[in-house]
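Let's walk through this model together, one question at a time. Have the sequence and the 3D view open as you read.

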Amino acid sequence: MAATNIEVWQEATVNRTEVIADGILRIELEPAQPKRADPGSHIDLMVRLEGIEAKRSYSIVDSSADGKQLVISVLRAPLSRGGSEFMHQLAAGDRLKITQPLQNFPLRVGAPRYILLAGGVGITAIAKMASVLKRIKADYTLVFAGRTRTAMAYLAQLQAEHGSRLEVHVDDEGSSLNVQKLLARVQDGTELYMCGPIRLMDAVRRGWGERELDPSALRYETFGNSGWHDPEEFIVRVPQLDLEVRVPQGRSMLEALQDAGAEMMYDCRKGECGLCEVRITELTGRIDHRDVFYSERQKRQASKMNCCVSRAVTSETGAQQDARRSSPAVVTIEPN
Ligand code: FES
């Protein structure tokens, strides 16, 4: 049976790990209750951070047809919420709690043409889609953008598999992706699937809207782990609950509030559904919106934030970074 969104938890064994690109670890898992993984599917799994379990999501980059082997690839992100550090310490024989494959980024077969866009480790959500489109002889272009070739996982395999259908953009070779030029090539009927850093996805979403392209033909996956600013420690105040909570670099605001005993509403934990929205009543600093739920206008207003991914920061300038160390940003909220 194909993947769904019903969480079924199980044990999985790590069969093998291998560093495949700068900071990217490929992890082969053998689940106890295998289930087929369709293109675009992911697993949730439990990582342990300072003795506390926390849920993280990773795309299934490859799998056996029967689902007895699932492959994920994890970028080490020292400034993120800490899950990647845990994942990078895994070794063959370790056991994990994982879900069966979940699907909220399905590939719709039958479009006249496709653009698949991957930025950095976002290729993990896209690679299997490209394989399927090749197999069914669809008209597709796979666009893969990265900082350096050595940081682009699976690049050699993708070149061998997709040949001239693969378009590679590498920042340090002066061939960075130009989003406007890419969107100018979108013809009627094209479906665009993307996964990558929030800046890339924001630029594509903005350009897609400006060109009045069909909104239902733009599909994306986000794991809510990158923003416009490096994560900083900040303070969240909830007067109604008499709470003042420190949110460290490696923890989300949602997690920090839950750790402090607040009962919070949430669902995706990836900045997609808006269920964890809180109202901002006071702010010292600015909000680094890391969700894909709000429009640009809503983000500018900064009256609300999705606390599963978005953070408060002081400022992006060097001078103010020094001030930040003694005075973290402070956001006062009303809980959801
Ligand atoms: S839980 Fe879905 S956006 Fe935060």
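Helices here are DSSP runs of H or I with at least four residues, numbered from the N terminus. Please keep in mind that this is a predicted model.

Q: In which helix does H88 lie?
A: Look for the helix that spans residues 83-88. H88 belongs to that stretch, which is helix α1.

Q: Is H88 buried or exposed?
A: The cut-off to keep in mind is that buried means under 20% relative accessible area. H88 has a relative accessibility of 16%, so H88 counts as buried.

Q: Which residue has its backbone oxygen 2.8 Å from a polar atom of the side chain of H88?
A: Setting aside residues up to four places away in sequence, H88 touches G23, I24, L25, V74, L75 and R76. The H88 side chain also reaches the backbone nitrogen of R76, at 3.2 Å. The backbone oxygen at 2.8 Å from a polar atom of that side chain is the one of V74.

Q: Which strands are the edge strands of the five-stranded open sheet?
A: The strand order is β11-β10-β9-β12-β13, with parallel pairing. An edge strand pairs on one side only, and this holds for β11 (166-170) and β13 (218-221).

Q: By how many degrees are neighbouring strands of this sheet turned against each other on average?
A: Here the direction of the strands is ignored. On average, the turn between neighbours is 15°.

Q: Which residue of β12 is the bridge partner of L117?
A: Strand β9 (residues 113-119) pairs with β12 (residues 190-195) in the parallel sense, over six bridges. Within this pairing, R113 is matched with T190. For L117, the bridge partner in β12 is M194.

Q: What is the bridge partner of L117 in β10?
A: β9 and β10 run parallel and are joined by six bridges. In β10, L117 has as its bridge partner V143.

Q: Why is β9 largely enclosed by the rest of the structure?
A: Burial is judged residue by residue, with the cut-off under 20% relative accessible area. β9 is largely enclosed because the number of its seven residues that are buried is six.

Q: What is the handedness of the β-α-β unit that β9, α2 and β10 make?
A: Follow the chain from β9 through α2 to β10, the three elements of this unit. The β-α-β unit is right-handed.

Definitions and conventions: Residues are numbered from 1 along each chain as its sequence is written. This is a predicted model: local features need pLDDT of at least 70, side-chain atom pairs count only at pLDDT 80 or more; totals for chains, interfaces and linings use all residues. Side-chain values use heavy atoms; hydrogens and water are left out. Two strands pair if DSSP finds at least two bridges between them. Helices (H or I, at least four residues) and strands (E, at least two) are DSSP runs, numbered from the N terminus. Axes are lines fitted to C-alpha atoms, for helices over the stretch in contact, and angles run from 0 to 180 degrees between N-to-C directions. Buried means under 20% relative accessible area, exposed over 50%, partly exposed in between (1.4 Å probe, protein chains only). A polar contact is a pair of N or O atoms within 3.5 Å; within protein, one must be able to donate a hydrogen and the other to accept it, and residues adjacent in sequence count only if both atoms are side-chain atoms. Contact means heavy atoms within 4.5 Å. A crossover is right-handed if, with the strands pointing away from the viewer, the path from the first strand over the helix to the second runs clockwise.
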